[in-house]
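Colleague: Pick one spot in this model and take me through it slowly, then work outwards from there. I'd like to see how the local details sit among the helices and strands.

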Amino acid sequence: MEYETIIGLEVHAQLLTRSKMYCGCSADYASAPPNTHVCPVCLGMPGVLPVINKQAVEFTMMTALALNCPVSDFTKFDRKNYPYPDLMKGYQISQFDAPIGRKGWLTIEVDGQRKQIGITRVHLEEDVAKLLHRTSPDGDYSLVDVNRSGCPLMEIVGEPDLRSPEEARQYLVKLRSILQYLGVSTGNMEEGSFRCDANISVRPVGSAEFGAKVEVKNMNSFKAVYLAMEYEAQRQRKAAAEGKRLVQETRGWVEAQGKTVSQRSKEYAHDYRYFPEPDLPPLVIGRDWVEAVRKRLPELPEARRNRFISDYNLPVGSSSQIASAKDMADFFEHSVKSHKDASPKEISNWILGEVSRITNENKINFFEFEKKVLPIKFFELTDLVVKGTITGTMAKPILEEMFNTGKSAAEIIKERGLSQISDTGELEKIVAEVINSNIQPVADYRAGKETALKYLVGQVMKATRGRANPQLVNDMLKQKLAETSSS
Ligand SMILES: [Zn+2]
């Protein structure tokens, strides 16, 4: 029997507000000592009253609109009750049956095919504290850091419309890209500000019913989500083929072992006993407010991709790649607009190649790269290559030095006495020397071995420390070898 995979994703994104969701504590706690961003409200003391963070509501409205969800006129907050050491009040203030946005979609592209994935809902809630587990000879213990408690958290629930681990990965990439464009979340999965739980099941192809749903948790990267979905899809297919009954359960992804393990079955599922939050009035969102927020929506990744294709004549592939990351797309546009002679194609090639290599190696984003290499200086470097002053090979270490020292390409070229050899007389001398001192490769080339020529070109490039134009060297070598063989 043939099976198909059904996946639905739930994403929690920390919002980039200045203060927490229901109190005035600073939400920027990442580098703060434990338990320094706290007050009676986020500590969960009795008798305190929460206040709704307007910025968090607007960020959630923006996300809902960007995901094609109508914003509800009437929304309210509800208590989700469960006892856990990281939940200070014993309940979380979330949204149950009246979320801010519902029934939208986002578009993904897999193998060149566009597909709409439904968005069930977008709602607002608060984060919990953090537990730090310690071991000691006297017994293990846990510490509680309350800094994260009460930080605004947005939940985006997707419809079970995804049919493969690759579609799930694409959905997450697209969703994160949208949140970054909106400026509502960093979308950093490794740091936990963008978290994903997945629901996955398999069913015989053609069946309209869903199989037993397994919820997978603990995935801390896009790759982990992809691998966990691959693993579960295979495990469930195998069990179904063997006639085993799959149960509804929660499983955790164990990165080191590359597999999921059962955590709890349906019988132990939580009953959250939701009820309307008595300390907060329902929130009525007027049409005027929605329209004002809609007007402030920035250009989103897809629109920007299309504009890159039409305005800069870039190929679809590199347009998609650059537009998918806001930081990269900004650096590209700043560079292109920094000078009237800028070549969008040359700049995009450098960004996807050498600049990406530098940002990856230094584990920084393009915003940080842009602070070190200003767009105008980056343009100047690409322009020197376009004009033939230096070769692409020479430009790479120059870019690296620009990044490390903040100097301009022209300064570095002057200091190092670089610049392409334009004097053909000087180059001819080097070419002749290389031919004279490489008897075997020269003989190989004359015997019809084309790769020997590449070797000789390499030797000339080495002798000139990359300052020669490789194409010119190639032509000169060919000509010289033809001359000397006939003489
Ligand atoms: Zn607080």
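Modeller: Let's start at asparagine 68, which sits in the loop between helix 2 (54–66) and strand 2 (74–75); helices (H or I, at least four residues) and strands (E, at least two) are DSSP runs, numbered from the N terminus. This is a predicted model, where local features need pLDDT of at least 70 and side-chain atom pairs 80 or more, while totals for chains, interfaces and linings use all residues. Residues are numbered from 1 along each chain as its sequence is written, and side-chain values use heavy atoms, with hydrogens and water left out.

What caught my eye at asparagine 68 is a phi near 60°, a positive value in a residue other than glycine. Most residues other than glycine have a negative phi. With a relative accessible area of 33%, asparagine 68 is partly exposed (buried is under 20%, exposed over 50%, partly exposed in between, with a 1.4 Å probe and protein chains only).

Asparagine 35 also has a positive phi, near 60°. Its place is the loop between strand 1 and helix 1, and at 37% relative accessibility asparagine 35 counts as partly exposed.

That loop leads us to the zinc ion. The protein donors are the SG atoms of Cys23, Cys25, Cys39 and Cys42, 2.3 to 2.4 Å from the metal (donors are N, O and S atoms within 2.8 Å of it, or 3.2 Å for Na, K and Ca). Along the chain they follow the spacing C-x1-C-x13-C-x2-C. Cysteine 25 belongs to the loop between strand 1 (3–14) and helix 1 (40–43), and cysteine 42 to helix 1, so this pair ties together parts 17 residues apart in sequence. Cysteine 25 is buried at 11% relative accessibility, and cysteine 42 is buried at 5%. The angles among the four donor atoms run from 101 to 115°, which makes the site tetrahedral (for four donors, all angles between 85 and 135 degrees).

Strand 1 then takes us into an open sheet of eight strands, in the order 5-6-9-1-10-11-12-13 and with mixed pairing; strands pair if DSSP finds at least two bridges between them. Its edges are strand 5 (101–110) and strand 13 (259–265), each pairing on one side only. From one strand to the next the twist averages 30°. Strand 1 runs antiparallel to strand 10, joined by 11 bridges, with isoleucine 7 partnering isoleucine 200 in strand 10.

Helix 3 (residues 165–182) packs on this sheet, touching strands including strand 1, strand 9 (152–158) and strand 10, and its direction makes about 115° with that of strand 5. Helix 4 packs on the sheet as well, with strand 11 and strand 12 among the strands touched, at about 25° to the direction of strand 10. Contact is heavy atoms within 4.5 Å; axes are lines fitted to C-alpha atoms (for helices over the stretch in contact), with angles from 0 to 180 degrees between N-to-C directions.

Further along the sheet, strand 10 (residues 194–204) runs antiparallel to strand 11 (residues 214–219) over four bridges, and asparagine 199 has glutamate 215 as its bridge partner in strand 11. Strand 11 also pairs with strand 12 (residues 249–254), this time in the parallel sense, again over four bridges. There, valine 214 has glutamate 249 of strand 12 as its bridge partner.

Finally, three strands form an open antiparallel sheet in the order 4-3-14, with strand 4 (91–94) and strand 14 (275–276) at its edges. Four bridges link strand 3 (residues 78–81) to strand 4, and arginine 79 stands opposite isoleucine 93 in strand 4.

Methods
Tetrahedral: all angles 85-135°; square planar, octahedral: opposite > 155°, others 65-115°.
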